[in-house]
Amino acid sequence: MALYKIDTLDRLLRFIGDLVDDNRANIKNLNSLKELAEFGDINSKKSLKIIIINYINESIDTKNIDSLIEQYHVSYFEKIYTGSNKEFDSVINSLCICKDDSLDTKIELLAQIIFQELYGLSVIDPYSYNDIEGLNDIDVNTKDFISFQIKGKKAAGSKAFFSR
């Protein structure tokens, strides 16, 4: 497969979505995998993310990966939670990375962004797998007010929000 230079996140979302829908790799049971992922099945989510990572590695010129990640409406290169509670910091900011992290780390984050926008729960998706110790609840009051309950304590103050 040829490497494509895709310079906007919106185009990349459409491109990967089309690749998955076309299923040129003849991935068995892909439609049921997508359905199960949309209903919250953890194994299906992980499998779809692996497929997305493979498509990124095979077809995207990753030289501009930082730019693609920066175009997402939530900046994962900055802390999402800016309060002083260390438990909240470690849970809510667990997805955040640094610009000098490895290419594999950036590809994994980009795959998460693509997955959560195409098949997942947008910005709350990575917190919805029930695999983060201490995270009890996520409340979405409005598109720009998401609060987290960690170890029984609730806090707002995160920069996580939905784009639409």
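What follows is a chat between a learner and a modeller about how to read a few features of this structure.

Colleague: Before we start, what kind of model is this?

Modeller: This one is a predicted model. Keep that in mind as we go.

Colleague: Okay, let's begin with the sheet. What is the strand order, and how do the strands pair?

Modeller: The general idea comes before the case. Strands of a sheet pair through backbone hydrogen bonds, and they can do so in a parallel or an antiparallel way. Here you have an open sheet of three strands in the order β1-β2-β3, and the pairing is antiparallel. β1 (135-142) and β3 (153-155) stand at the edges with a single partner strand each, so one side of each has no neighbour in the sheet. From one strand to the next, the twist averages 20°.

Colleague: How many bridges hold β1 and β2 together?

Modeller: Six bridges, with β1 and β2 (residues 145-150) running in the antiparallel sense. Try finding a couple of them: aspartate 139 has serine 147 in β2 as its bridge partner, and valine 140 has isoleucine 146 in β2. β1 and β2 also form a hairpin, with two residues between them.

Colleague: And how many bridges join β2 to β3?

Modeller: There are three bridges there, and these two strands run antiparallel. One example is isoleucine 150, whose bridge partner in β3 is lysine 153. β2 and β3 form a hairpin too, with two residues between them, and lysine 151 in that turn has a positive phi of about 50°.

Colleague: Where else do positive phi values turn up in a residue that is not a glycine?

Modeller: The background is this: most residues other than glycine have a negative phi. Serine 122 is not a glycine, yet its phi is positive, about 55°. Asparagine 130 is another case, with phi near 60°.

Colleague: Where do serine 122 and asparagine 130 lie?

Modeller: Serine 122 is in the loop between α6 and β1, and asparagine 130 lies in the loop between α6 and β1 as well.

Colleague: Is serine 122 buried or exposed? And what about asparagine 130, buried or exposed?

Modeller: Serine 122 is buried, with a relative accessible area of 10%. Asparagine 130, at 78% relative accessibility, counts as exposed.

Colleague: What is serine 122 in contact with?

Modeller: If you leave aside the neighbours within four places in sequence, serine 122 is in contact with Tyr72, His73, Gln116, Glu117 and Phe162. Look at the last of those: serine 122 and phenylalanine 162 are 40 residues apart along the chain, but their C-alpha atoms are separated by 6.9 Å.

Colleague: Let's move to helices. How do I read α1, say?

Modeller: Start with the geometry. An α-helix has 3.6 residues a turn, so residues three or four places apart point the same way. Helix α1 (residues 9-22) has 14 residues and reaches 20 Å from its first C-alpha to its last, close to the 20 Å expected at 1.5 Å a residue.

Colleague: Which residues of α1 are buried, and what covers them?

Modeller: The buried ones are Leu9, Leu12, Leu13, Phe15, Ile16, Gly17, Leu19 and Val20. Their cover includes α2 (30-38), α3 (42-59), α4 (65-70) and α6 (103-118).

Colleague: How do I describe a pair of aromatic rings?

Modeller: You give the distance of the centres and the angle of the planes. A search of the whole structure finds four aromatic pairs. In one of them, the rings of tyrosine 81 and phenylalanine 88 have centres 5.7 Å apart and planes at 35°, so the pair is tilted. Tyrosine 81 is buried at 5% relative accessible area, and phenylalanine 88 counts as buried at 2%. For phenylalanine 115 and tyrosine 119, the centres are 6.1 Å apart and the planes are at 45°, so that pair is tilted as well. Phenylalanine 115 counts as buried at 0% relative accessibility, and tyrosine 119 is buried at 7%.

Colleague: Last one: how many disulfides are there?

Modeller: The count comes to zero. Why no bond between cysteine 96 and cysteine 98? The cut-off is a pair of sulfur atoms within 2.5 Å. The cysteine sulfur closest to that of cysteine 96 is in cysteine 98, and it is 9.0 Å away, too far for a bond. Cysteine 98 counts as partly exposed, at 44% relative accessibility.

Notes: Residues are numbered from 1 along each chain as its sequence is written. This is a predicted model: local features need pLDDT of at least 70, side-chain atom pairs count only at pLDDT 80 or more; totals for chains, interfaces and linings use all residues. Side-chain values use heavy atoms; hydrogens and water are left out. Two strands pair if DSSP finds at least two bridges between them. Helices (H or I, at least four residues) and strands (E, at least two) are DSSP runs, numbered from the N terminus. Axes are lines fitted to C-alpha atoms, for helices over the stretch in contact, and angles run from 0 to 180 degrees between N-to-C directions. Buried means under 20% relative accessible area, exposed over 50%, partly exposed in between (1.4 Å probe, protein chains only). The expected span of a helix is 1.5 Å times one less than its number of residues. Contact means heavy atoms within 4.5 Å. Rings of Phe, Tyr and Trp (its six-membered ring) pair if their centres lie within 6.5 Å; planes under 30 degrees apart count as stacked, over 60 as edge-to-face and the rest as tilted.
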